Protein chains: 2
Amino acid sequence: MSITMKDIAAKLGVSESTVSRAINNKPGVGEDTKQKILNLARRYNYQPNLLARNLARQESNMIGLILPDISSLFYSEVTRAIQDIATKHGYQVMVCNTDSDEKRESAYIEWLQGNKIAGIIFLGNGLANNKIINLGLSGYPIVLANRLVEEVMLPSVIIDNNTGAFEATKHLLERGHKRIALINGPKDNLTAQNRFRGYREALKEYNLDYDPSLIINKDWSRECGYQGFLELLNLEEPPTAIFAANDLIAVGVIEAIKMGGYLIPEEIAVVGFEDTIVTSIIEPPLTTVAQPMYELGANSAKKLFSLIEDEDIEENIEILTSKLIVRKST
Amino acid sequence: MSITMKDIAAKLGVSESTVSRAINNKPGVGEDTKQKILNLARRYNYQPNLLARNLARQESNMIGLILPDISSLFYSEVTRAIQDIATKHGYQVMVCNTDSDEKRESAYIEWLQGNKIAGIIFLGNGLANNKIINLGLSGYPIVLANRLVEEVMLPSVIIDNNTGAFEATKHLLERGHKRIALINGPKDNLTAQNRFRGYREALKEYNLDYDPSLIINKDWSRECGYQGFLELLNLEEPPTAIFAANDLIAVGVIEAIKMGGYLIPEEIAVVGFEDTIVTSIIEPPLTTVAQPMYELGANSAKKLFSLIEDEDIEENIEILTSKLIVRKST
DNA sequence: TTGTAAGCGTTATCAA
DNA sequence: TTGATAACGCTTACAA
């Protein structure tokens with residue numbers, strides 16, 4: 001339907017290669033032929049067929065982004081950052097939702113490779129699967145964002161969840177709490193594991209052993225926060241503080257606490273994790289550990305482009321620090 | 001780097017076309033040669049080059065999504081829905097953030113067309129620009145989601161903001177309010193205009209003239225809600241109810257109200273619009289007009305695929321209804 | 001059932 | 001400065 005280089009060449013009685021050179025602003029075309037070509041191209045609103053171009057050049061101007069769910073507060077913010085950097089580099093981003101399903105993850109990887117995508121960012125909070133690892137080891141440009149791999153060291157940008165959780169727990173300890181519950185994400189989730197580790201280390205520093213009955217592993221949802229708190233209430237000796245492993249869980253916790261008629265923070269203190277918009281809206285405002293979401297996205301993207309453009313990358317694994325923000329819930 | 005059909009053909013001593021037929025599960029290949037080919041393909045982890053395939057087939061399996069900002073609560077939810085439907089149809093989605101900048105919009109359109117994208121969804125809340133209209137009229141599959149075009153009727157899915165705003169305002173009137181302020185988005189924004197219209201119609205039904213000093217047009221942000229309320233307070237006769245044209249504005253309004261020490265809803269009532277997560281978190285829970293976000297995305301995508309697959313579409317312009325959800329802020 | 005060859009719209013090499 | 005020509009990897013008539 002649309003006009004091609006061949007058409008332009010025919011109309012002007014020049015060869016396709018000359019047209020190509022003119023369009024791509026390459027040397028080797030006379031100034032006047034070049035102008036004639038560009039004028040005609042403009043007049044007919046010529047658009048290069050990027051499929052053909054990429055096929056011929058053996059490259060592409062897209063990167064892939066594989067993530068669990070674009071509608072989450074956290075991931076959409078990170079995505080935004082990646083998009084911004086990609087645009088600056090003249091690249092587009094293919095966003096792929098996996099719902100943390102490994103099958104879909106694999107399917108997307110194949111699809112992205114089939115499209116000769118320049119590189120992929122894996123954003124998530126689980127362990128990276130084998131397919132990803134092999135891909136990374138094969139030299140294909142990939143960056144892990146907020147995901148880790150046990151043995152192999154692939155280029156990554158992660159947030160120091162350990163220290164963040166440590167600070168959060170320590171903050172509660174300093175406030176005098178001794179029975180601090182942790183309502184966490186799934187047990188096999190790396191982020192959840194790190195937050196648990198930080199929690200435990202803080203207790204240790206205060207010479208407290210952690211009580212398994214105070215640890216709940218469920219999901220990252222509001223509902224789980226709500227249910228989790230109810231479960232904790234049934235303990236013989238219920239906790240006086242809750243460390244929720246993300247803000248949404250904390251929201252559920254706070255709702256359950258209020259429903260029970262307890263006072264926050266006087267009777268029960270709550271800390272969240274992430275610093276999404278909800279922390280400043282909920283009553284009382286939530287003490288939380290701020291995650292540098294935009295930075296996570298931006299730095300991952302920058303790292304990926306370094307890889308794509310074959311630049312040296314300074315640090316293979318970049319660790320961003322999270323920061324405790326004290327509000328009224330503690 | 002990766003293996004191609006040519007390689008497979010050479011290894012097996014068959015022709016490329018036979019390989020192609022086998023890979024694509026087309027008739028005209030003997031069962032045993034087919035198996036031999038498929039086995040080899042599996043063994044070498046053959047991935048079809050989709051650039052080449054799409055170039056040859058003159059089609060693609062991507063659709064484009066152009067929107068203002070993926071990190072917004074509203075758009076990320078709509079995007080999620082579009083992704084879900086696209087995946088079901090075997091398509092991928094290219095997400096393009098424009099920040100409502102027309103230049104970037106145009107740039108994206110060209111890029112998407114250059115990649116021979118199968119169709120585009122324009123999601124936003126402004127008027128569609130000329131480039132979009134021309135594209136639509138040229139027969140290219142496009143769907144407008146939550147955007148309108150003045151004269152031309154392009155396939156669209158929109159939310160009935162007018163009625164939603166009408167209901168919200170009427171609800172306040174029924175509660176006995178006479179001085180109802182509207183803190184709205186930008187004046188040139190279509191969504192904002194429709195919400196204003198519904199607001200005015202409701203007043204009319206109650207034989208009230210609208211007072212221009214009670215109308216504030218700013219931005220869709222929390223900050224604007226906060227500032228807007230402060231401005232309203234300075235009026236000789238301040239409003240007793242605020243209709244905020246989206247939830248984020250409402251959040252700002254509520255914060256300002258609380259800061260001023262007023263009671264909600266006893267002294268000042270507040271209604272929002274959208275029903276994002278914040279409405280159930282803020283204190284008091286926000287009465288709002290629920291937007292069918294997921295439906296907006298899903299139906300837009302379905303419509304686009306009807307267009308792409310050349311099916312008849314039942315209604316060219318589909319109007320989704322929004323629904324008033326009464327909570328404690330009124 | 002299989003192969004040949006042209007074509008998709010570019011780019012890139014090598015001559016002219 | 002230009003133009004043939006092959007190549008990118010795949011699809012698809014058309015022949016055999």
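Here is a walk through this predicted model, from the DNA strands to the helix crossings and a few unusual spots in the backbone.

Let's start with DNA strand C. It has 29 residues around it, and the closest are E16(A), S20(A), K26(A), G28(B) and G30(B). That list already takes in residues from chain A and chain B. Which part of the strand faces the protein? Of the strand C atoms that come within 4 Å of the protein, 68% are sugar and phosphate. You can look at a few phosphate contacts one by one. The side chain of Y46(A) puts an N or O atom 2.8 Å from a phosphate oxygen of DNA strand C, and the side chain of T18(B) has an N or O atom 2.9 Å from a phosphate oxygen of this strand. M5(A) uses its backbone instead: a polar backbone atom sits 3.0 Å from a phosphate oxygen of DNA strand C.

Now zoom out to the helices around that strand. Helix 1 (5-12), helix 2 (16-23) and helix 4 (50-57) of chain A each supply at least two residues of the surface near DNA strand C, and so do helix 2 (16-23) and helix 4 (50-57) of chain B. The top contributor is helix 4 of chain A, with four residues. Sorted by class, the surface near DNA strand C has 14 polar, nine nonpolar and six charged residues.

Next, have a look at DNA strand D. Here there are 27 residues around the strand, with T18(A), G30(A), M5(B), K26(B) and Y46(B) coming nearest. Sugar or phosphate makes up 70% of the strand D atoms within 4 Å of the protein, and bases make up the rest. Y46(B) has a side-chain N or O atom 2.4 Å from a phosphate oxygen of DNA strand D. From chain A, a polar side-chain atom of T18(A) lies 2.8 Å from a phosphate oxygen of DNA strand D, and a polar side-chain atom of T33(A) lies 3.0 Å from one. The elements giving two or more residues to the surface near this strand are helix 2 and helix 4 of chain A, along with helix 2 and helix 4 of chain B. For DNA strand D, helix 4 of chain B gives the most, with four residues. The class split of the surface near DNA strand D is 13 polar, nine nonpolar and five charged residues.

Helix 4 turns up again where the two chains meet. How do the axes of helix 4 of chain A and helix 4 of chain B run past each other? They come within 9 Å and cross at roughly 140°, and the two helices are therefore oblique to each other. The crossing is left-handed. The contact is made by L51(A), A52(A), N54(A) and L55(A) on one side and L51(B), A52(B), N54(B) and L55(B) on the other. By class, this contact has six nonpolar and two polar residues, with no charged ones.

Two more crossings lie within chain A. In one, helix 5 (residues 73-88) and helix 13 (residues 293-308) of chain A bring their axes within 7 Å and cross at roughly 40°, in a right-handed way. Among the residues making the contact are F74(A), I82(A) and I85(A) of helix 5 and M293(A), L296(A) and F305(A) of helix 13. This contact has 12 nonpolar, one polar and four charged residues.

In the other, helix 8 (residues 161-174) and helix 9 (residues 190-205) of chain A pack at about 40° with axes 7 Å apart, and they are therefore oblique to each other. This crossing is right-handed too. The contact includes F166(A) and K170(A) of helix 8 and R195(A) and Y199(A) of helix 9. Its residues divide into six nonpolar, six polar and five charged.

Finally, here are some backbone details. The peptide bond from I264(A) to P265(A) is cis, with omega near 0°, and P265(A) is in the loop between helix 11 (247-259) and strand 9 (269-271) of chain A. Another cis peptide bond joins E283(A) and P284(A), with omega about -5°. You'll find P284(A) in the loop between helix 12 (278-281) and strand 10 (288-290) of chain A. Over in chain B, Q58(B) is not a glycine, yet its phi is positive, at about 60°. Q58(B) lies in the loop between helix 4 and strand 1 (62-67) of chain B.

Notes: Residues numbered from 1 in each chain as written. Chains lettered and ligands numbered in written order. Predicted model: local features only at pLDDT ≥ 70, side-chain atom pairs only at ≥ 80, totals over all residues. Heavy atoms only, no water. Axes fitted to C-alpha atoms, helices over the stretch in contact; angles between N-to-C directions. Left-handed = near helix turned anticlockwise from the far one by under 90°. Contact = heavy atoms within 4.5 Å. Nonpolar A, V, L, I, M, F, W, Y, C, P; charged D, E, K, R; others polar. Near = heavy atom within 4 Å. Polar contact = N/O pair within 3.5 Å; in protein donor to acceptor, adjacent residues only side chain to side chain. Parallel < 35°, antiparallel > 145°, perpendicular 65-115°, else oblique.
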